[in-house]
Amino acid sequence: MNLEATQRQPVARLTRDISIILIGTILLTLSAKIAVPFYPVPMSTQTLVVLGLGLFLGPVRSSLVVAAYLLEGLFGLPVFAGTPPAPAGLAYFAGPTGGFLIGFALAAAAAGWMVQKLAGLPPSIRASIAVLSGSILMYCAGLFWLGSFVGYGEKLLNAGLYPFLLGDLTKAAIAVVLYTGFHNRGHA
């Protein structure tokens with residue numbers, strides 16, 4: 001390998017990583033804007049994308065994607081659900097859903113880390129454990145923060161957990177199916 005080819009490798013890797021982050025933040029933004037009619041509340045597809053990023057990109061890249069997305073929103077870009085007309089920026093972050101936004105970063109990192117650590121298991125098992133781990137961390141962060149707005153106990157669970165469980169289980173299952181299908185396709 002010559003020196004010129006060696007020098008191009010880090011640039012190519014950096015370009016690829018920046019492209020992954022850009023595409024990931026676009027996917028997250030689109031997923032925040034897509035509301036699927038669901039009972040008892042409409043759901044965005046954000047947790048599907050967050051968990052999928054963790055499964056497919058691993059803990060570091062998925063965390064970088066979510067961090068870049070959060071920074072975009074923090075700087076006022078309308079990337080979050082409901083923006084506009086809801087104000088973006090710090091006001092949105094400090095609102096009731098701010099903990100869930102932080103939870104997205106935790107969920108992506110946890111799902112990515114777990115799916116890598118369980119590499120010896122079948123893809124469906126490791127993906128299921130990974131999305132469950134990520135979802136638990138997302139809910140812990142989100143509910144902890146939301147509790148300061150609505151109170152804790154049953155009121156909190158009625159506001160931030162129960163209405164979303166079925167939708168989030170559905171999205172987690174979709175992420176597992178996509179990951180499993182992708183990995184089983186390579187071995188068929």
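Which side chain meets that of Arg61 in a salt bridge? The partner is Asp17, with N and O 2.9 Å apart. The model examined here is predicted. Arg61 belongs to helix H2 and Asp17 to helix H1, so this pair ties together parts 44 residues apart in sequence.

Asp17 has a second partner. Arg16 also forms a salt bridge with Asp17, and here the closest N and O atoms are 3.8 Å apart. Arg16, Asp17 and Arg61 are thus linked in a network of salt bridges. How far are its members exposed? Arg16 has 42% relative accessibility and counts as partly exposed. Asp17 is partly exposed as well, at 23% relative accessible area. For Arg61 the relative accessible area is 29%, and this residue is again partly exposed.

The whole structure holds 3 salt bridges. One of them joins the side chains of Lys171 and Asp168, at 2.9 Å from N to O. Both residues lie in helix H7, 3 residues apart, so about one helical turn separates them. An α-helix has 3.6 residues a turn, so residues three or four places apart point the same way. Lys171 is buried, because its relative accessibility of 5% falls under the 20% limit. Asp168 is buried too, at 13%.

Helix H7 was then examined along its length. Its 24 residues should span 34 Å at 1.5 Å a residue. The end C-alpha atoms are 35 Å apart, which agrees. The buried residues of H7 are Pro163, Gly167, Asp168, Lys171, Ala172, Ala175, Val176, Tyr179 and Thr180. These buried residues pack against several elements: strand S2 (43-44), H2, H4, H5 and helix H6 (154-160).

Nonpolar packing was considered next. In soluble globular proteins, nonpolar side chains tend to be buried together. The largest nonpolar core in this model has 38 residues. Leu28, Leu55 and Phe80 touch the most other members. Six stretches each give two or more residues to this core: helix H1 (3-33), helix H2 (46-74), helix H3 (90-93), helix H4 (98-117), helix H5 (123-150) and helix H7 (162-185). H2 gives the most, with 10 residues.

Leu55 shows what such packing looks like for one residue. Leaving aside residues up to four places away in sequence, Leu55 touches Ala111, Val115, Ala127, Ala130, Val131, Ala175 and Tyr179. Two of these contacts, Ala175 and Tyr179, are also among the buried residues of H7.

Aromatic rings add further links. The count comes to 7 aromatic pairs. In one of them, Phe100 and Tyr139 meet edge-to-face. Their ring centres are 6.1 Å apart, with 90° between the planes. Phe100 lies in helix H4 and Tyr139 in helix H5, so the pair ties together parts 39 residues apart in sequence. Both Phe100 and Tyr139 are buried. Elsewhere, ring pairs link Tyr69, Phe80, Tyr92 and Phe93 into a cluster. Phe80 thereby has a place in this cluster, and it is also named among the core residues that touch the most other members.

Two pairs, then, link separate helices. Arg61 and Asp17 connect H2 with H1. Phe100 and Tyr139 connect H4 with H5. The salt bridge of Lys171 and Asp168, by contrast, stays within H7.

Terms used:
Residues are numbered from 1 along each chain as its sequence is written. This is a predicted model: local features need pLDDT of at least 70, side-chain atom pairs count only at pLDDT 80 or more; totals for chains, interfaces and linings use all residues. Side-chain values use heavy atoms; hydrogens and water are left out. A nonpolar core is a set of buried Ala, Val, Leu, Ile, Met, Phe, Trp, Tyr and Cys residues joined through side-chain atoms within 4.5 Å. Buried means under 20% relative accessible area, exposed over 50%, partly exposed in between (1.4 Å probe, protein chains only). Helices (H or I, at least four residues) and strands (E, at least two) are DSSP runs, numbered from the N terminus. Contact means heavy atoms within 4.5 Å. Rings of Phe, Tyr and Trp (its six-membered ring) pair if their centres lie within 6.5 Å; planes under 30 degrees apart count as stacked, over 60 as edge-to-face and the rest as tilted. The expected span of a helix is 1.5 Å times one less than its number of residues. A salt bridge is a side-chain nitrogen of Lys or Arg within 4 Å of a carboxyl oxygen of Asp or Glu.
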